[in-house]
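Visitor: I should like to learn how to read the features of a protein model. May we look at one together?

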Amino acid sequence: MNNFVTYNSSAGSGKTYTLVKEYLKIALETKNSSQYKHILAVTFTNKAAAEMKARVIEALKALSSDEPLEGTPKFLQLDLLLPKEKGGLGIDANEVNLRSKRVLKSILHNYNDFGVSTIDKFTHKIIRTFAHDLQLPLNFDIELDDREVLGAAIDMLIAEVGNNEKLTKLLLEYTSKKAEEEESWHIERDLYEFSRNLLKEDGELYLEKIRQLTLKDFDEIKVQLFAQTKEFEATVKQWGKDGLEFIAKKGVEHGSFSRSFFANYWKDLATLKKFDVTATTLKIIAGDANWYAAKVDDSQKQLIDSLQQEFIAQFQGSREYIDEFESTYRVNKLIIKNLYNLAVLNEIEKTVLAFKKENNVLSISDFNKRIATIVESEPIPFIYERLGEKYNHYLIDEFQDTSIIQWQFNTLGR
């Protein structure tokens, strides 16, 4: 990364000028008029790519002209004429003029080698090259709007209701769940909204873990999770009931405890109201606060004192159980809450894949995922050999994209 240079600039501060200047410095640094073929300039929109191409062509046209230079071309020329140690080319104006003519002529005659494009266009080019390796048909089409693919896949999924018994059951249960939560039972919009997770890179990482699951698998997982949560709830309830029964059996009145803390603790467990412990309760159990209410007769005090160790043992037993299993219980509850979504999402993805295969289509969102498999499995030089190109210089415009895959891909240059 010794030759990795970044320019941090705000809008309107000359970022594009700097990028064009750096491009020209590389393209004109030798007398080889084909040097530009080894430069890959990456932008993130078609508009930006077109603008940069136009800027480079206009600059070369001006620098190769015999007319006096003014404005931006004049500033570019002055920057290029600087000595090498000051960031220029270290050549005179006549040589800049001659090299610019040769490079401009070469670009116009070999425009396909003018490597200024969007990251999506470049990754598409690599996908085409590796179509056979990725088991893709060579004549696949590109769907620019991912929403069209998702919409078509969801329509296909809903059309299967009544024909596919397990899928029908899943969608009916999903609809019932929404109705119970007082949400709209019209599911088309919901299916579309959360299926957009299929387009996200981080969503892909998690979907990979459930991709092999069938509807039967989801049913079995649901039964298992329900059983585990019910077991936890039943055990906690029993701790609460046993605690309350012990207090009643021994004749201790709830109001005899300070703020009724002990009775309230068991009530919360018996009703599953809450499982946590107040700071006051912990202080009392630890002996750092009074067990008794402000006004309590001596007989109740003596009774509580005589049972105190048994109370503490019961409390500690309940806490050991809850501390060990509560986190698993809460995770299971969250999974159950989203299990229908996951199952439906899994089916939507399978339908999306079937739709793409049937219609010979790849969406834009597929490109980065596909190219990532190549980058991970093949050495970078091999990728460029297959492309028939060798890039020695990479210029990346507005490097602010949040795509992790694109970041990894763009920083793998030699």
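**Reading the model**

Guide: The protein exposes about 24,100 Å², of which carbon and sulfur atoms supply 51%. Please bear in mind that this is a predicted model.

Visitor: How many helices and strands does the protein have?

Guide: The secondary structure comes to 16 helices and 5 strands. Of the 414 residues in the protein, 42% are buried.

Visitor: How does one describe two packed helices?

Guide: One gives the angle between their axes and the distance between the axes. Here, helix α7 (residues 165-180) packs with helix α10 (residues 215-250) at an angle of about 45°, and their axes are 10 Å apart. Angles from 35 to 65 degrees count as oblique, so α7 and α10 are oblique to each other. Their crossing is left-handed.

Visitor: Which residues of α7 and α10 meet?

Guide: From α7 come Lys166, Leu167, Lys169, Leu170 and Glu173, which meet Leu215, Lys216, Asp219 and Lys222 of α10. The residues of this contact divide into 3 nonpolar, no polar and 6 charged.

Visitor: What sign does phi have in most residues other than glycine?

Guide: Most such residues have a negative phi. Arg259, however, has a positive phi near 55°, and Arg259 lies in the loop between α10 and α11. Leu272 also is not a glycine, and has a positive phi of about 60°; Leu272 is in the loop between α11 and α12.

Visitor: Is Arg259 buried or exposed?

Guide: Exposed means over 50% relative accessible area. Arg259 has 68% relative accessibility and therefore counts as exposed. Leu272, at 22%, counts as partly exposed.

Definitions and conventions:
Residues numbered from 1 in each chain as written. Predicted model: local features only at pLDDT ≥ 70, side-chain atom pairs only at ≥ 80, totals over all residues. Heavy atoms only, no water. Axes fitted to C-alpha atoms, helices over the stretch in contact; angles between N-to-C directions. Helix = DSSP H or I, 4+ residues; strand = E, 2+ residues; numbered from the N terminus. Parallel < 35°, antiparallel > 145°, perpendicular 65-115°, else oblique. Left-handed = near helix turned anticlockwise from the far one by under 90°. Contact = heavy atoms within 4.5 Å. Nonpolar A, V, L, I, M, F, W, Y, C, P; charged D, E, K, R; others polar. Buried < 20%, exposed > 50% of the residue type's maximum accessible area, 1.4 Å probe, protein only. Areas by Shrake-Rupley, 256 points an atom, 1.4 Å probe, with all protein chains shown as cover.
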